[in-house]
Amino acid sequence: MGSRDQKLKWSWSSALIGAASATAAASLLSAKPKDPTFHLISIDLTSLKLNLPVLDAELMLTVHVTNPNIAAIHYSSTTMTILYDGTVLGSAEVKAGSQPARSCQLLRLPARLNGMELAQHARQFFSDVAKREMKLEAKLTIEGAAKVMWWDHSFRVHVDSFVTVDPVFLDVIGQENKSQMDLFLT
């Protein structure tokens with residue numbers, strides 16, 4: 001009976017620590033991941049390679065990437081596919097890396113365009129050069145992990161970019177980027 005008759009001591013500091021811990025845990029668990037954003041900043045011609053009967057072009061793409069999430073991410077290497085008029089024109093390599101939480105960074109991606117594929121669309125290409133407006137599409141899927149506290153959450157982001165460039169000066173005229181992120185909680 002002695003244990004029932006004992007009074008429990010109330011501790012404000014324990015209550016505040018418990019409430020703060022519960023609030024922090026609830027906010028971490030309920031924080032909805034946001035899709036990263038990608039914007040093509042520039043295209044630089046780095047070289048032309050003679051691949052008879054056409055020229056292949058090597059480019060450097062500068063892409064601005066924003067991670068709006070509360071967790072840093074680590075991602076594996078992948079390849080971006082570049083399409084012109086529905087046909088694969090080339091590719092760009094994305095090296096494995098990481099990005100801090102709530103940050104922006106510039107990625108410089110080496111790309112190669114296949115002159116033979118462009119030659120298949122010569123009529124469309126010369127029309128685009130005359131208009132100084134060439135529509136390209138890029139597709140990319142990045143896989144990686146975001147670490148929140150002690151959990152690693154795997155993710156996959158698929159990006160579709162529709163970019164209009166000036167084929168004479170390689171200026172980016174306009175773009176629309178759509179991304180879809182899948183988060184795996186296993």
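This is a short talk on one buried leucine, one nonpolar surface patch and the salt bridges of this structure. Please keep in mind that the model is predicted.

I'll start with Leu 89. Leu 89 sits in strand β5, which covers residues 87-94. Is Leu 89 buried or exposed? Its relative accessibility is 4%, so Leu 89 counts as buried, the cut-off for buried being under 20%. Beyond its neighbours within four places in sequence, Leu 89 has contacts that include Ile 82, Tyr 84, Leu 113, Leu 118, Met 134 and Leu 136. Arg 112 is also in contact with Leu 89; the two are 23 residues apart in sequence, with C-alpha atoms 8.5 Å apart.

Now the surface. Leu 45, Leu 48, Leu 50, Leu 52 and Leu 55 make a nonpolar patch of about 550 Å². Strand β1, residues 37-51, gives the largest share of that patch, with three residues. Leu 50 lies in strand β1 and is exposed, because its relative accessible area is 61%.

Last, the salt bridges. The count is eight. One of them pairs Arg 156 with Glu 143, at 3.0 Å from N to O. That pair links distant parts of the chain, with Arg 156 in strand β9 and Glu 143 in strand β8, 13 residues apart. Arg 156 is partly exposed at 32%, and Glu 143 is partly exposed at 40%.

Lys 135 and Glu 133 form another, at 3.7 Å from N to O. Here Lys 135 is exposed at 52%, whereas Glu 133 is partly exposed at 32%.

Glu 176 and Lys 178 also form a salt bridge, with their closest N and O atoms 3.6 Å apart. In addition, salt bridges with shared partners join Glu 137, Lys 139 and Asp 160 into one network.

Notes. Residues numbered from 1 in each chain as written. Predicted model: local features only at pLDDT ≥ 70, side-chain atom pairs only at ≥ 80, totals over all residues. Heavy atoms only, no water. Helix = DSSP H or I, 4+ residues; strand = E, 2+ residues; numbered from the N terminus. Buried < 20%, exposed > 50% of the residue type's maximum accessible area, 1.4 Å probe, protein only. Contact = heavy atoms within 4.5 Å. Patch = residues over 30% accessible without salt bridge, like charges linked within 9 Å, V, L, I, M, F, W, Y side chains within 5 Å. Areas by Shrake-Rupley, 256 points an atom, 1.4 Å probe, with all protein chains shown as cover. Salt bridge = Lys/Arg side-chain N within 4 Å of Asp/Glu carboxyl O.
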